[in-house]
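Thanks, everyone; I would like to take a few minutes to walk through one model. Please have a look at it first, and then we can go through it site by site.

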Amino acid sequence: MSGRKMLVRILSLFLLVGVTGSLAYALSNVRKGYEPRQPIPFRHPRMAGAAVWQKDAKGEAVNVGGFEIPCLYCHTMPYKGRHSTVPSTAVCMNCHTTVGLGKEWVLKLKDYWDRGEPVPWVKVHDLPDFVYYDHSAHLNARNEKGEPKIPVTDAEGRPINACEACHGKVENDEIVRVRVDFNMQWCLDCHRKPEMKGSTDCVTCHR
Ligand code: HEC
Ligand code: HEC
Ligand code: HEC
Ligand code: HEC
Ligand code: HEC
């Protein structure tokens, strides 16, 4: 891209921000900690968290922890596309036509399903439209040794899921929450790390 064209793009970006008045918002960290209530209190710890077995009153083992359903069972797209996508009710109904029908919120879920309405999940992570972001480009990025750039092990070498770098341990979140600053500085801080070698050109993220 020519220097002039680039300058015009950047200037129009500043203009856009000025006109929409989003500058103060964009510069602040207001997204960190954002934790909207959902129409159904979907609990990641119960669905995706680690199992915890306890004996009930009758001495039978019951799982009071989670069912360890893999993230990718429900969020099918992060390695394939820009967006990660929240699962459709059909995915839930793979189990919930038969499982958990004694629970209030599972019945609410079934109500949506029977009415043919999607569950109106509230978006938690939501970048402004003038920012370009792509999940697959991050999760598939590899270094010279062919290892994933986004860490898949923790400091002690134990396996973690790659989502953690940007979303934290969602499997422990009773309510999904924005765990990081989630602004331009946050993107750039990681892109500048020598092991990441992410681009810091304006047009990478503003195209
Ligand atoms: C059984 C299906 C299921 C599994 C398994 C699951 N999720 Fe989710 N996830 C959902 C649903 C439904 C929502 C939307 C409701 C909410 O935000 O709580 C969601 C929301 C999210 C969001 C927030 C989306 C937004 O709007 O910004 C993130 C991030 C996320 N999940 C990450 C994960 C990670 C990481 C794992 C694995 C540790 C995981 N999920 C496992 C169903 C699932
Ligand atoms: C692989 C099977 C499976 C899938 C897929 C699944 N669930 Fe579940 N879900 C379970 C099991 C097992 C329970 C525990 C039922 C019980 O305790 O009786 C449960 C419990 C629940 C509960 C009650 C939680 C509580 O502790 O009160 C809700 C709400 C729920 N699921 C929502 C969902 C939603 C929404 C989806 C789709 C995004 C989904 N589930 C997908 C297996 C599944
Ligand atoms: C490099 C950082 C990064 C990693 C790693 C990452 N995400 Fe995200 N995620 C984001 C950003 C940024 C958004 C907001 C995208 C937007 O608003 O356009 C997002 C949004 C989401 C959403 C909301 C739907 C969407 O795509 O907008 C879900 C669900 C989600 N991520 C799940 C996951 C899962 C599951 C993993 C692991 C397999 C993962 N993410 C790994 C940064 C990341
Ligand atoms: C945890 C580190 C990390 C964070 C946080 C992060 N990135 Fe990246 N980003 C990378 C890596 C690694 C690459 C791939 C670099 C390579 O191998 O070329 C990349 C590449 C990109 C690309 C190029 C994709 C393509 O199509 O070539 C875009 C666009 C991008 N990131 C946008 C963002 C945005 C926007 C944010 C913040 C919302 C963000 N990134 C946050 C690590 C990160
Ligand atoms: C790695 C991705 C990335 C790169 C590279 C990047 N930006 Fe951004 N930029 C963002 C994100 C994400 C936001 C949204 C911040 C928010 O709303 O919190 C943003 C917001 C902005 C805004 C709105 C106000 C602000 O400062 O937050 C302007 C103006 C802007 N960028 C200009 C630039 C210019 C000029 C460059 C090149 C020097 C650049 N950006 C490079 C990701 C990037």
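His-96 is buried in this predicted model, since its relative accessible area is 12%, which falls under the 20% cut-off for that word. Together with Met-47, which donates through SD, His-96 donates through NE2 to the iron atom of ligand 2, at 2.0 to 2.7 Å. Because Met-47 sits in helix 3 and His-96 in helix 5, this pair ties together parts of the chain that are 49 residues apart in sequence. Met-47, for its part, is partly exposed, at 23% relative accessibility. What is the arrangement around this iron atom of ligand 2? The 6 donor atoms subtend angles of 77 to 178°, and the arrangement is therefore octahedral.

Let me turn to the other iron. The iron atom of ligand 1 is coordinated by the NE2 atoms of His-44 and His-75, at 2.0 to 2.1 Å, and this site is octahedral as well, with angles of 88 to 179° among its 6 donor atoms. His-44 belongs to helix 3, residues 44-47, whereas His-75 lies in the loop between helix 4 (71-74) and helix 5 (89-96), so that these two residues tie together parts 31 residues apart in sequence. As for their surroundings, His-44 is buried, with a relative accessible area of 15%, while His-75 is partly exposed, at 23%.

Finally, a word on the surface. Val-52, Val-62 and Val-64 make a nonpolar patch of about 200 Å²; of these, Val-62 is placed in strand 2, residues 61-63, and is partly exposed, with a relative accessible area of 30%.

Notes. Residues are numbered from 1 along each chain as its sequence is written. Chains are lettered from A and ligands numbered from 1 in the order in which they are written. This is a predicted model: local features need pLDDT of at least 70, side-chain atom pairs count only at pLDDT 80 or more; totals for chains, interfaces and linings use all residues. Side-chain values use heavy atoms; hydrogens and water are left out. Patches are made of residues with over 30% relative accessible area and no salt bridge: like charges are joined within 9 Å, nonpolar side chains (Val, Leu, Ile, Met, Phe, Trp, Tyr) within 5 Å. Accessible areas come from the Shrake-Rupley method with a 1.4 Å probe; for residues, only the protein chains shown count as cover. A salt bridge is a side-chain nitrogen of Lys or Arg within 4 Å of a carboxyl oxygen of Asp or Glu. Helices (H or I, at least four residues) and strands (E, at least two) are DSSP runs, numbered from the N terminus. Buried means under 20% relative accessible area, exposed over 50%, partly exposed in between (1.4 Å probe, protein chains only). Donors are N, O and S atoms within 2.8 Å of the metal (3.2 Å for Na, K and Ca); water is not among the atoms, so sites may look incomplete. Four donors count as tetrahedral if all angles lie between 85 and 135 degrees; four count as square planar and six as octahedral if opposite donors are over 155 degrees apart and all others between 65 and 115; anything else is irregular.
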